[in-house]
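This report goes through a protein–DNA model from the overall fold to single residues. Please have the sequence and the structure open while reading.

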Number of protein chains: 2
Amino acid sequence: MKISEVSQICNIPISTLRYYDEIGLFPNLERNKNGQRNFQKDELELLKVIDCLKVSGLSIKEIKEFIDLVKQGDTTISKRKLLFEERLNKVNEEIDKLEKIKEILEYKQWYYSKAQELGTEQGIENINIPEKFIEIKKSLEC
Amino acid sequence: MKISEVSQICNIPISTLRYYDEIGLFPNLERNKNGQRNFQKDELELLKVIDCLKVSGLSIKEIKEFIDLVKQGDTTISKRKLLFEERLNKVNEEIDKLEKIKEILEYKQWYYSKAQELGTEQGIENINIPEKFIEIKKSLEC
DNA sequence: ATAATAGTTCAAGTTAACTTGAGGTCAAAT
DNA sequence: ATTTGACCTCAAGTTAACTTGAACTATTAT
């Protein structure tokens, strides 16, 4: 597979793929006789794992360190297991945070619906605030 | 309230608070006679909204644009409502993405538990993969 | 009264994660 | 035969979001 195909399929700029290769994220990436990269299934899988780790909050540098662990083989299995456990915890925390953010956004939506009805923000204080937003409103007030 | 107190309470560096002020995120922040910032409840609330918008995916520049909308008053109510609606959609998408990432991480955890039991990654292919991971494994294989 | 602490501005520095550009090779289409 | 287009390297540039440092003033504690 040529770099342009991978770029299309994975929706990643060619420059990014070359950059990832340059810093060593594709330790087994082959080249043809002219030095052109020849991507295989392995690299596509790696790209998904890279994305997974990135979304879970790892920096590119840390992802590189993970790739290096893989290269070192079976002696690093428990380290890698731990890394994924930590990532799962991180993602769970992140989801919790987003759920709280959602509540604020829903409150704000309610607030601005009311403001839109009234044509002004003045006087919203006097409107009955729905039960479910009372806590959120308080938390915003400090 | 002094800048150091706000920094402590909100767990934000003083330098960041000054930076936010400099770019106009606290349009109503008062100063005392000697030019020292005097934070009020308003600014603490604003900091929470700023964090909310940030977590929801807005850049600082876009947050500044939102603050400017607030400054313009009632004529921008529907724009602001729309902004929060978009943010809510974005957060929902983000949560969906994280839920998928969780599944990959859980599969990887299972994978490395097995590798740990065996002491090697060789031969994991021959182990019965739990039903719930079959799809994920396929998606990683491309 | 004086020393330490905490506040101020403004310009310059930092870091991550790419992106761009110059200069070059090679295969395929006109 | 030459032009087009995809690939290559390597160095330099970009952007966001702060952070740091210098040089200064104000407040507070002893």
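Which residue just after helix 6 of chain B takes a positive phi? That residue is Cys142(B), and its phi is about 70°.

## Basis and the end of chain B

The model is a predicted one. Cys142(B), with its positive phi, comes directly after helix 6 of chain B. Helix 6 itself covers residues 134-141, and of these 8 residues the number buried is 0, so the helix lies largely in the open.

## Fold and dimensions of chain A

Chain A contains 6 helices and 2 strands. Read from the N terminus, the order of elements is α-α-β-β-α-α-α-α; two helices thus precede the strands, and the other helices follow them.

The chain is not a compact globule by its radius of gyration: 24 Å for chain A, where a compact globule of 142 residues would have a value near 14 Å. The C-alpha trace spans about 75 × 35 × 20 Å along its principal axes. Of the 142 residues, 20% count as buried. Among contacts in chain A with a separation of 6 or more, 41% are made by residues 24 or more positions apart.

## Relation between the two copies

Chain A is superposed on chain B by a rotation of 180°, with 0.0 Å of shift along the axis and an RMSD of 0.0 Å. The two copies are therefore related as by a two-fold rotation axis. Within chain A, the C-alpha nearest that axis belongs to Ile95(A), at 3.1 Å. Both copies use the same surface, as 100% of the contact residues of chain A recur in chain B.

## The interface between chains A and B

How many residues of chain A are in contact with chain B? There are 38, and they are in contact with 38 residues of chain B. On the side of chain A that touches chain B, at least two residues each come from helix 3 (41-55), helix 5 (77-118) and helix 6 (134-141) of chain A. Helix 5 of chain A gives the largest share, 24 residues.

By class, this side of chain A is made up of 16 nonpolar, 7 polar and 15 charged residues.

## Surface near DNA strand C

DNA strand C has 15 residues around it, and those that come nearest are Ser15(A), Ser59(A), Ile60(A), Ser4(B) and Arg37(B). Both protein chains contribute elements here: helix 2 and helix 4 (60-72) of chain A, together with helix 1 of chain B, give two or more residues. Helix 2 of chain A gives the most, with 3 residues. The surface near DNA strand C has 4 nonpolar, 7 polar and 4 charged residues.

## Surface near DNA strand D

Which residues are closest to DNA strand D? Of the 15 residues that surround this strand, the closest are Lys2(A), Ser4(A), Arg37(A), Ser15(B) and Ile60(B). The elements that each supply at least two residues are helix 1 (3-10) of chain A and, from chain B, helix 2 (14-22) and helix 4 (60-72). Helix 2 of chain B gives the most to this surface, with 3 residues. By class, the residues near DNA strand D comprise 4 nonpolar, 7 polar and 4 charged.

## Single residues: Asn11 and Arg18

Asn11(A) sits in the loop between helix 1 and helix 2 (14-22) of chain A. Its phi is near 55°, a positive value in a residue other than glycine. Is Asn11(A) buried or exposed? Asn11(A) is exposed, because its 7 other C-beta atoms within 10 Å fall under the rule that 12 or fewer make a residue exposed.

In chain B, Asn11(B) lies in the loop between helix 1 (3-10) and helix 2. Phi of Asn11(B) is near 55°, again positive in a residue that is not glycine. Asn11(B) has 7 other C-beta atoms within 10 Å and is exposed.

Arg18(A) belongs to helix 2 of chain A, the helix that gives the most residues to the surface near DNA strand C. With 13 other C-beta atoms within 10 Å, Arg18(A) is partly exposed. Arg18(A) and Leu53(A) are separated by 35 residues in sequence, and their C-alpha atoms are 19 Å apart in space.

Terms used:
Residues numbered from 1 in each chain as written. Chains lettered and ligands numbered in written order. Predicted model: local features only at pLDDT ≥ 70, side-chain atom pairs only at ≥ 80, totals over all residues. Helix = DSSP H or I, 4+ residues; strand = E, 2+ residues; numbered from the N terminus. Rg over C-alpha atoms; globule rule 2.2 N^0.38 Å. Contact = placed C-beta atoms within 7 Å. Least-squares fit on C-alpha atoms with pLDDT ≥ 70 in both. Near = placed C-beta within 6 Å. Nonpolar A, V, L, I, M, F, W, Y, C, P; charged D, E, K, R; others polar.
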